[in-house]
Every structure is written in C-alpha cells, then in structure tokens.
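I opened my notebook to work through one model, element by element. Here is the picture I had in front of me.

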Amino acid sequence: MPVQYTIRAEVIDLRNDTPQQADLFLVDSNVWYWTTYSRADFADTRPRTYQINDYPLYISKALSAKSALLRCGLSLAELSHLIEKTELEIFARTSGFDKKKKKEFRHNNISQRANVVTEVQTAWDQIKSMSQMLEVKIDETTTNAALSRFSTQPLDGYDLFILEAISRAGVVKVITDDGDYVSVPGIQVFTAHPRVITAAQSQGKLVSR
C-alpha cells in the first residue's frame with residue numbers, strides 16, 4: 001500500500017529549482033550517501049535513477065552557486081550504517097558469504113572491515129569539504145522536545161534530533177528524499193521524490209521560487 005503523505009511543509013521540486021547564494025540547506029543522510037559513496041549503485045536494493053542523478057546534481061549546483069550546506073553529526077551514524085550494509089551485500093554476492101551474519105563480517109573479515117572504514121572515511125571527508133557542521137546537543141531539553149515532536153509528526157529517532165537542531169539554528173531548507181519530513185510545518189523540503197511531489201501538488205503545498 002502506498003504511503004499516504006499529509007503535507008505540512010512547503011515542497012520544492014529541486015529538479016526545477018536553481019540554488020541561490022543566500023540559501024542555507026541542511027542535507028539529509030541519504031543525499032550525502034548517494035553523492036559521496038561511489039558504490040551506492042551496487043546495493044541489493046538499487047537506488048532509483050533519480051536518486052543517484054538528481055540529488056548529486058543539485059548539490060553540485062548549490063556548491064557552484066555558493067549556497068551554504070550543513071551536515072549533522074548524526075548523519076555519520078546513518079551513513080556508516082548504509083555503507084557497511086552495502087559493502088556486506090557486495091561481499092556476499094561475490095564470495096557466497098551469508099549477509100545475515102553482519103557481526104561475523106564486522107569482526108572476522110579484517111580486510112573487509114578495513115575497506116568499510118576507508119569507504120566511510122572517504123565519504124565523510126568529501127562531506128566535510130562541502131559543508132559546515134550543524135551542532136546537535138542531545139540534552140534533557142532536546143530529548144523532551146524530540147519526544148513531544150514524536151507524538152505529532154511521523155519521524156524516526158535520528159530525524160527528531162536533526163529537526164530540533166535545525167529549529168534552534170533557524171534553518172528551514174532541507175534537501176531530502178525522506179517523505180517523513182513533509183509532515184513538519186514551517187520548513188521547506190527540497191526533493192525529487194515523485195510521490196511526495198505528487199502529494200504536495202494535489203494538496204496545494206508544491207511551491208516554486
């Protein structure tokens with residue numbers, strides 16, 4: 001059953017948008033993954049063509065326009081998880097290794113672990129060269145605010161804290177393929193996600209600038 005998105009954010013189809021020098025964007029983890037990890041297309045669940053084409057292209061345009069891009073430290077956790085998962089899938093296909101044995105892959109295959117580390121470090125170094133750090137302070141106040149948001153907006157744990165961070169920093173523009181973000185009022189979601197764009201258009205929340 002397709003996801004039924006209730007759009008509360010403003011949605012911008014980034015395929016039809018031109019980044020501006022005054023823009024300040026938070027870049028979501030998946031966008032960093034498709035932009036900086038060279039083997040993303042070798043995952044068992046292959047990225048869609050628009051994901052590996054449209055997002056890296058928009059990031060390139062934003063950099064050329066001298067837009068400011070922000071990274072979040074929590075994205076390193078998500079990025080490392082995605083890269084390790086993909087490297088495990090690649091190794092399993094080429095060697096017959098059981099991809100369900102993630103702990104064995106991590107601890108018993110020293111050369112493969114070194115390769116995962118190199119891939120994560122390479123991707124993160126690229127991200128650091130393109131962006132500024134958005135600090136996330138996970139204290140009692142932030143945790144309580146995230147829990148309150150959790151009751152009204154369908155977001156996962158990482159996104160709850162990232163949204164608290166951008167809220168405190170006054171950042172409203174988010175480049176993401178994650179449809180969960182459209183449930184958040186007061187932000188602008190820059191996306192190429194077809195179903196999100198269709199839902200936003202039908203609900204009068206698709207905007208251009």
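My entries below go from the sheet to the helices across it, then to a few side chains.

**Entry 1: the sheet**

I began by reminding myself that this is a predicted model. My starting question was: in what order do the strands of the sheet lie? I found an open sheet of 6 strands in the order 1-6-5-2-3-4, with parallel pairing. Strand 1 (10-13) and strand 4 (132-134) stand at the edges with a single partner strand each, so one side of each has no neighbour in the sheet. From one strand to the next, the twist averages 35 degrees.

Then I looked up some of the pairings. Strand 1 and strand 6 run parallel and are joined by 4 bridges. One residue I picked out there was Glu10, whose bridge partner in strand 6 is Gln188. Strand 2 pairs with strand 3 in the parallel sense over 3 bridges. Strand 3 is also joined to strand 4 by 3 bridges, again running parallel. On that side, Cys72 has Leu134 in strand 4 as its bridge partner.

**Entry 2: strand 3**

How many residues of strand 3 are buried? I got 5 of the 5, so the strand is largely enclosed by the rest of the structure. I also noted which way the side chains go. Ala68, Leu70 and Cys72 point one way, Leu69 and Arg71 point the other way, and all are buried. I was a bit surprised to see an arginine on that list, so I wrote Arg71 down as one of the buried residues.

**Entry 3: helices across the sheet**

Next I checked what lies across the strands. Helix 3 lies across strand 2 (24-27), strand 3 (68-72) and strand 4, and runs at about 65 degrees to strand 3. Helix 7 (residues 157-169) lies across strands 2, 3, 4 and 5 (173-175), at about 105 degrees to strand 4.

I stayed with helix 3 for a while. This helix covers residues 73-95, which is 23 residues. From first C-alpha to last, helix 3 reaches 33 Å, close to the 33 Å expected at 1.5 Å a residue. Just after the helix comes Gly96, with a positive phi of about 85 degrees.

**Entry 4: Glu87**

Is Glu87, which I found in helix 3, buried or exposed? Its relative accessible area is 1%, so Glu87 counts as buried, the cut-off being under 20%. What does its side chain meet in there? The side chains of Glu87 and Tyr37 make a polar contact of 2.4 Å. Neighbours within four places in sequence aside, Glu87 is in contact with Tyr37, Arg39, Phe105, Asn115, Val116 and Glu119.

**Entry 5: aromatic rings**

I counted the aromatic pairs and the total came to 9. I took Phe25 and Tyr58 as my example: their ring centres are 5.9 Å apart and their planes at 75 degrees, so the pair is edge-to-face. Phe25 lies in strand 2 and Tyr58 in helix 2 (residues 49-64), so the pair ties together parts 33 residues apart in sequence. Phe25 is buried with a relative accessible area of 0%, and Tyr58 is buried with 2%.

My second example was Phe91 with Phe105, a tilted pair at 5.7 Å centre to centre, with 40 degrees between the planes. Phe91 sits in helix 3 and Phe105 in helix 4 (residues 102-108), so this pair ties together parts 14 residues apart in sequence. Phe91 and Phe105 are both buried.

Going back to Phe25, I saw that ring pairs link Phe25, Tyr58 and Phe190 into a cluster. Phe25 also has a place in the sheet, where it stands opposite Leu69 in strand 3.

**Entry 6: a histidine in a loop**

Where does His193 lie? I found it in the loop between strand 6 (188-191) and helix 8 (194-202). Despite the loop position, His193 is buried, with a relative accessible area of 7%. Its side chain reaches the backbone nitrogen of Arg195 at 3.3 Å. Leaving out neighbours within four places in sequence, I listed Tyr5, Tyr50, Tyr55 and Asp177 as the contacts of His193.

Definitions and conventions
Residues are numbered from 1 along each chain as its sequence is written. This is a predicted model: local features need pLDDT of at least 70, side-chain atom pairs count only at pLDDT 80 or more; totals for chains, interfaces and linings use all residues. Side-chain values use heavy atoms; hydrogens and water are left out. Helices (H or I, at least four residues) and strands (E, at least two) are DSSP runs, numbered from the N terminus. The expected span of a helix is 1.5 Å times one less than its number of residues. Buried means under 20% relative accessible area, exposed over 50%, partly exposed in between (1.4 Å probe, protein chains only). A polar contact is a pair of N or O atoms within 3.5 Å; within protein, one must be able to donate a hydrogen and the other to accept it, and residues adjacent in sequence count only if both atoms are side-chain atoms. Contact means heavy atoms within 4.5 Å. Two strands pair if DSSP finds at least two bridges between them. Axes are lines fitted to C-alpha atoms, for helices over the stretch in contact, and angles run from 0 to 180 degrees between N-to-C directions. Rings of Phe, Tyr and Trp (its six-membered ring) pair if their centres lie within 6.5 Å; planes under 30 degrees apart count as stacked, over 60 as edge-to-face and the rest as tilted.
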